[in-house]
Each structure stands twice: as structure tokens, then as C-alpha cells.
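User: Please take a close look at one loop of this model and at the residues around it, and then set that part against the rest of the chain. I would like the cut-offs stated wherever a term depends on them.

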Amino acid sequence: KFADEADIKAGQKVFLVAAVSFDQNEWIVKEGTISQVGSGIILTDIIGNPAASSGPLFNAAGELVGITDLDQSGRTVATSVSKIRWLTSL
């Protein structure tokens with residue numbers, strides 16, 4: 001389920017989950033906080049890992065908040081659900 005865009009706010013706890021490989025035991029799970037929301041991008045305080053790029057970012061309710069990437073400083077950023085919905089026509 002997609003998170004409601006209106007409920008995505010700075011200070012909200014989020015969780016990054018990413019498979020590093022096809023092996024079931026190789027997962028990255030990180031917890032962090034949203035530091036800024038704007039223009040289809042969500043900034044977090046999660047220290048990035050290139051293997052976790054394109055992983056889902058969830059809120060505490062298990063709803064999809066965005067799809068992750070790394071910014072130039074190595075922090076995890078996410079493309080917001082509103083942008084994902086627009087791109088996929090969902």
C-alpha cells in the first residue's frame with residue numbers, strides 16, 4: 001500500500017529494506033528519520049549503501065513512502081510516492 005502523501009512529514013520514522021543479492025540471508029534493513037520533504041524527493045538521515053539503491057522506504061505502518069537512491073553526500077534520499085504514482089499512472 002502507498003503511504004498518503006499528506007502524512008509524509010519531517011521527523012517521521014522510516015525503514016529501508018533492500019536485498020543485496022538473491023540469497024535470502026543478504027538483506028539490508030536500516031531505520032532512520034525523514035529530514036525533509038519536497039518536490040517529489042524525501043531526504044533521510046539514513047547513511048547510504050550503494051547496494052540498497054532502488055530499495056523501498058516504508059513508514060512505521062508498513063506503507064511505501066518512496067524508492068531510495070543516494071545523494072552526492074552519501075545520504076539516502078527517496079523518490080516520493082506521488083512521483084511514483086505519476087510515473088506509473090497508479
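Analyst: Relative accessible area is sorted here into three classes, with buried meaning under 20%, exposed over 50% and partly exposed in between, for a 1.4 Å probe and protein chains only. This is a predicted model, in which local features need pLDDT of at least 70 and side-chain atom pairs count only at pLDDT 80 or more, whereas totals for chains, interfaces and linings use all residues. Residues are numbered from 1 along each chain as its sequence is written, and side-chain values use heavy atoms, with hydrogens and water left out.

The loop chosen for the close look runs between β4 (56-59) and β5 (64-70), and glutamate 63 is placed in it; strands (E, at least two residues) and helices (H or I, at least four) are DSSP runs numbered from the N terminus. Glutamate 63 counts as buried because its relative accessibility is 19%. Its side chain makes a polar contact, at 2.8 Å, with the side chain of asparagine 59; such a contact is a pair of N or O atoms within 3.5 Å, where within protein one must be able to donate a hydrogen and the other to accept it, and where residues adjacent in sequence count only if both atoms are side-chain atoms. When neighbours within four places in sequence are left aside, glutamate 63 is in contact (heavy atoms within 4.5 Å) with Lys1, Phe2, Ala3, Leu57 and Phe58.

Alanine 60 also has its place in the loop between β4 and β5, but alanine 60 counts as exposed, at 68% relative accessibility. Once neighbours within four places are set aside, alanine 60 has contacts with Lys13 and Phe15, and its C-alpha atom is separated by 8.5 Å from that of glutamine 12, although the two are 48 residues apart along the chain.

Elsewhere in the chain, threonine 76, in strand β6 (residues 75-80), is buried at 2% relative accessibility. The contacts of threonine 76, again without neighbours up to four places away, include Leu16, Ile42, Ile47, Thr68 and Leu70. Valine 37, in strand β2 (residues 27-38), counts as partly exposed because its relative accessibility is 35%, and beyond four places in sequence valine 37 touches Ile8, Lys9 and Ala10. Between valine 37 and alanine 3 the C-alpha distance is 14 Å, for a sequence separation of 34 residues. Serine 39, in the loop between β2 and β3 (41-47), is exposed with a relative accessible area of 75%, and serine 39 has a positive phi of about 50° although it is not a glycine.

For the whole chain, six strands and one helix are assigned, in the order β-β-β-β-β-β-α along the sequence. The radius of gyration is 12 Å, close to the 12 Å that the globule rule gives for 90 residues, so the protein is as compact as a globular protein of that length; this radius is taken over C-alpha atoms, and the rule is 2.2 Å times the number of residues to the power 0.38. Along the principal axes, the C-alpha atoms fill a box of roughly 35 × 30 × 25 Å. Buried residues make up 33% of the 90 residues, and of the contacts with a separation of 6 or more, 46% are accounted for by residues 24 or more positions apart.
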